[in-house]
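The exercises below go through a protein model one part at a time. Try each task with the sequence and the 3D view in front of you, and then compare your reasoning with the worked solution.

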Amino acid sequence: MRRPLIERYRHRLPVSEKTPVITLLEGSTPLVPLKGPPEARARDVQLFAKYEGLNPTASFKDRGMTLAVSKALEEGAQAVAAASTGNTSASAAAYAARAGIKAVVVLPAGYVALGKLAQTLVHGARIVQVEGNFDAALAIVRELTERYPVALVNSINPYRIEGQKTIAFEVVEDLGGAPDFHALPVGNAGNITAHWKGYRELAEAGAIGRPPRMLGFQAEGAAPIVKGAPVEKPETVATAIRIGNPASWEGAIRARDESGGAIEAVTDEEILSAWRYLASEEGLFVEPASAASLAGVRRWLAAGRIPEGSRVVLTLTGHGLKDPGTAEREVRLPPPVPADVEAVAAAAGLL
Ligand code: F0G
């Protein structure tokens, strides 16, 4: 049976018997072995997808949110707040509902995918849309939580990172050791920081040998870490990572440098191509941001940068149903035909 993430990893998390455990049975997501694109098969590289879309609110955010909301409640908070490109808000809204406290979410108007908006609304969060991007929203929420009685649950809250580090524990349990590479999309950079913290803790405890090289991928139009400077007007089809000034910038640099990894940019075309491949060849429907991990790894494979026989884990951060708008735009729906067998057979290409 799926157990609360906090119970499963209690010994590695900052909780005590006094901490009320607010859980939706997050984590314990499958590590799916992929068939792999030809360039991986050719080099005997085995890809595994950590399918985080199977969390309760359909993204990895639930790992951090169970801890952040539990600790906020322990500390007496009556409300939590977050800026979000959509997944953090959906998760905060769900966990706050579960805890019986209020959630306030500040969103960049016009740039949150429909599924995430629907979740956040139905869970009953107070939504405030601002005329600005995620970076502006986060600056406002930081100040809001300093001036008003509301707990910040963005990933600058260290409990979010603590919860999210558990992904490394699960990967190592499932593989029976560390992979050679671990690739993931990078937006606000909390998740790569958390992944690396998890692997580092395992290495320090002697539970693994060499931790994986971390490969972080930003979208080309929103790649401040790659460029080495904030991006004022970030743009990408992957709205989840449409971020110009990541809060955990330093954590990402540390993950990159300490692991001997890299943070690079992939184009929207590469993201959408990997997104299509995952759905149509591997049966895994993810949101565009998640596919940045595979897009980047495909580049590395094509350039011969991944040694033969390597094991590579991709974090697929969010479910495809989060963003029906992209699916509708990218994949054409055929027009209706008359309701008879011949017409349907013809349209289905069966004749
Ligand atoms: N993938 C998805 C689906 C995300 O929602 C996010 C971030 C990331 C990747 C990047 O993770 O920010 O830790 O580097 N979403 C945040 C949000 C910003 O508000 O939901 P990160």
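**Exercise 1.** In what order do the four strands of the open sheet with parallel pairing stand?

*Solution.* Before starting, note that this is a predicted model, in which local features need pLDDT of at least 70 and side-chain atom pairs count only at pLDDT 80 or more, while totals for chains, interfaces and linings use all residues. Residues are numbered from 1 along each chain as its sequence is written, and side-chain values use heavy atoms, with hydrogens and water left out.

Step one is to fix the vocabulary: helices (H or I, at least four residues) and strands (E, at least two) are DSSP runs numbered from the N terminus, and two strands pair if DSSP finds at least two bridges between them. Step two is to read off the order, which is β5-β4-β3-β6, with parallel pairing. Step three concerns the edges: β5 and β6 each have a single partner strand, so one side of each lacks a neighbour in the sheet.

**Exercise 2.** Describe strand β3, its partners and its surroundings.

*Solution.* Begin with burial, where buried means under 20% relative accessible area, exposed over 50%, and partly exposed in between (1.4 Å probe, protein chains only). By this rule five of the five residues of β3 (residues 79–83) are buried. A79, A81 and A83 point one way from the strand, whereas V80 and A82 point the other way, and all are buried.

Next, take the partners in turn. β3 pairs with β4 in the parallel sense over five bridges, and A79 has K102 as its bridge partner in β4. Two bridges join β3 to the parallel strand β6 (residues 151–152), where L152 is the bridge partner of A81.

Finally, look at the helices. Together β3, α4 and β4 make a right-handed β-α-β unit; a crossover is right-handed if, with the strands pointing away from the viewer, the path from the first strand over the helix to the second runs clockwise. Helix α6 (residues 134–147) lies across β3, β4, β5 and β6, and runs at about 155° to β3; for such angles, axes are lines fitted to C-alpha atoms, for helices over the stretch in contact, and angles run from 0 to 180 degrees between N-to-C directions.

**Exercise 3.** Which residues of helix α5 are buried, and what do they pack against?

*Solution.* First, list the buried residues of α5 (residues 114–122), which are G115, K116, Q119 and T120. Seen down the helix axis, they fall within an arc of 130°, so they line one face of α5; the arc is that of the directions from the helix axis to the C-beta atoms. On the other side of the helix, L114, L121 and V122 are exposed.

Second, find the packing partners: the buried residues of α5 pack against α4 (87–99), β4 (102–108), β5 (126–130) and α14 (324–330), where contact means heavy atoms within 4.5 Å. Just after the helix, G124 takes a positive phi of about 90°.

**Exercise 4.** Is N87 buried or exposed, and which residues is N87 in contact with?

*Solution.* The place of N87 is in helix α4, and at 4% relative accessibility N87 counts as buried. Leaving aside neighbours within four places in sequence, N87 is in contact with S59, K61, K116, E287 and K322. K116 also appears among the buried residues of α5.

**Exercise 5.** What is the strand order of the open sheet of six strands with mixed pairing?

*Solution.* The order is β1-β2-β10-β7-β8-β9, and the edge strands are β1 (31–33) and β9 (262–266), each of which pairs on one side only. The twist averages 25° from one strand to the next.

To look at one edge, follow β8 (residues 213–219), which is joined to the parallel strand β9 by five bridges, with E264 in β9 as the bridge partner of F217. Helix α12 (residues 268–282) lies across β8, β9 and β10 (311–316), running at about 90° to β9.

**Exercise 6.** Where do A58 and A189 lie?

*Solution.* A58 lies in the loop between β2 (46–51) and α3, and has a positive phi of about 75° although it is not a glycine. A189 lies in the loop between β7 (181–185) and α9 (190–204), and has a positive phi of about 75° although it is not a glycine. As for burial, A58 counts as buried at 16% relative accessibility, and A189 counts as buried at 3%.
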